[in-house]
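Please open the structure in your viewer and keep the sequence panel visible beside it. This tour proceeds by selections, and each stop describes what is found there.

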Amino acid sequence: MKELNPLLHSQLRLAVMSILMTVEEADFIYLREKTESTAGNLSVQLDKLSAAGYIAIEKGFVGKKTRTVCRVTPAGRSAFYEYVDELKKYINL
């Protein structure tokens with residue numbers, strides 16, 4: 001069996017990817033609320049996913065407030081499906 005992708009094996013990063021796989025995009029506040037994480041921890045994990053090319057992050061403004069929007073990339077989608085397939089092998093599904 002292949003080793004599970006350590007980048008996706010983190011609980012928070014896996015939660016973020018799972019959310020992003022089901023929506024076109026999600027903003028930072030939505031992700032923070034859904035994952036029940038702190039802003040600082042979520043920010044660090046988003047940076048790791050972005051650096052790996054798994055998500056695209058777009059920063060902008062809505063009025064005077066900053067808005068960070070995340071989308072899963074084709075590479076991220078592929079890595080997620082591969083992770084799920086390997087996980088199924090581990091649990092014999």
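**Stop 1: the largest pocket**

Begin with the largest pocket of this predicted model, which holds about 160 Å³ of space. To display its lining, select Asp27, Phe28, Ile29, Val62, Lys65, Thr66, Arg67 and Thr68. Which elements give two or more residues to this lining? They are helix 3 and strand 3, the latter covering residues 65-72. Strand 3 supplies the largest share of the lining, namely 4 residues. Now colour the selection by residue class: the lining has 3 nonpolar, 2 polar and 3 charged residues.

**Stop 2: the whole protein**

Next, clear the selection and show the protein as a cartoon. How many helices and strands does the protein have? There are 5 helices and 3 strands. Following the chain along its sequence, the viewer will meet these elements in the pattern α-α-β-α-α-β-β-α. Along the principal axes, the C-alpha atoms fill a box of roughly 50 × 25 × 20 Å.

**Stop 3: helix 3 against helix 4**

The following stops concern pairs of helices. Two packed helices are described by the angle between their axes and by the distance between those axes.

Select residues 28-35, which form helix 3, and residues 39-51, which form helix 4. These helices pack at an angle of about 110°, and their axes lie 10 Å apart. Helix 3 is therefore roughly perpendicular to helix 4. The crossing of helix 3 and helix 4 is right-handed. To see where the two meet, show the side chains of Phe28, Leu31 and Arg32 on helix 3, together with Ala39, Leu42, Ser43 and Leu46 on helix 4. By class, the residues of this contact comprise 5 nonpolar, 1 polar and 1 charged.

**Stop 4: helix 2 against helix 4**

Keep helix 4 on display and add helix 2, residues 11-20. At what angle do the axes of helix 2 and helix 4 cross? They cross at roughly 70° and come within 10 Å. Helix 2 and helix 4 are therefore roughly perpendicular to each other. On helix 2, the contact is made by Leu12, Arg13, Val16 and Met17; on helix 4, by Asn41, Leu42, Gln45, Leu46, Lys48 and Leu49. The residues of this contact divide into 6 nonpolar, 2 polar and 2 charged.

**Stop 5: helix 2 against helix 5**

Finally, hide helix 4, retain helix 2 and select residues 74-90, which form helix 5. Helix 2 and helix 5 pack at an angle of about 115°, with 11 Å between their axes. This angle makes helix 2 roughly perpendicular to helix 5. Is the crossing of helix 2 and helix 5 left-handed or right-handed? Helix 2 passes helix 5 in a left-handed crossing. Show Leu14, Met17 and Ser18 of helix 2 with Gly76, Phe80 and Tyr83 of helix 5, since these residues make the contact. The contact of helix 2 with helix 5 consists of 4 nonpolar and 2 polar residues, with no charged residue. Before closing the viewer, select Met17 once more: this residue of helix 2 takes part in the contact with helix 4 and also in the contact with helix 5.

Conventions: Residues numbered from 1 in each chain as written. Predicted model: local features only at pLDDT ≥ 70, side-chain atom pairs only at ≥ 80, totals over all residues. Heavy atoms only, no water. Axes fitted to C-alpha atoms, helices over the stretch in contact; angles between N-to-C directions. Parallel < 35°, antiparallel > 145°, perpendicular 65-115°, else oblique. Left-handed = near helix turned anticlockwise from the far one by under 90°. Contact = heavy atoms within 4.5 Å. Nonpolar A, V, L, I, M, F, W, Y, C, P; charged D, E, K, R; others polar. 1 Å grid on protein atoms, 1.4 Å probe; cavity = no way out; pocket = protein on both sides within 12 Å on 5 of 7 lines; lining within 4 Å. Points joined across faces, edges and corners; volume = space filled by probe spheres on them.
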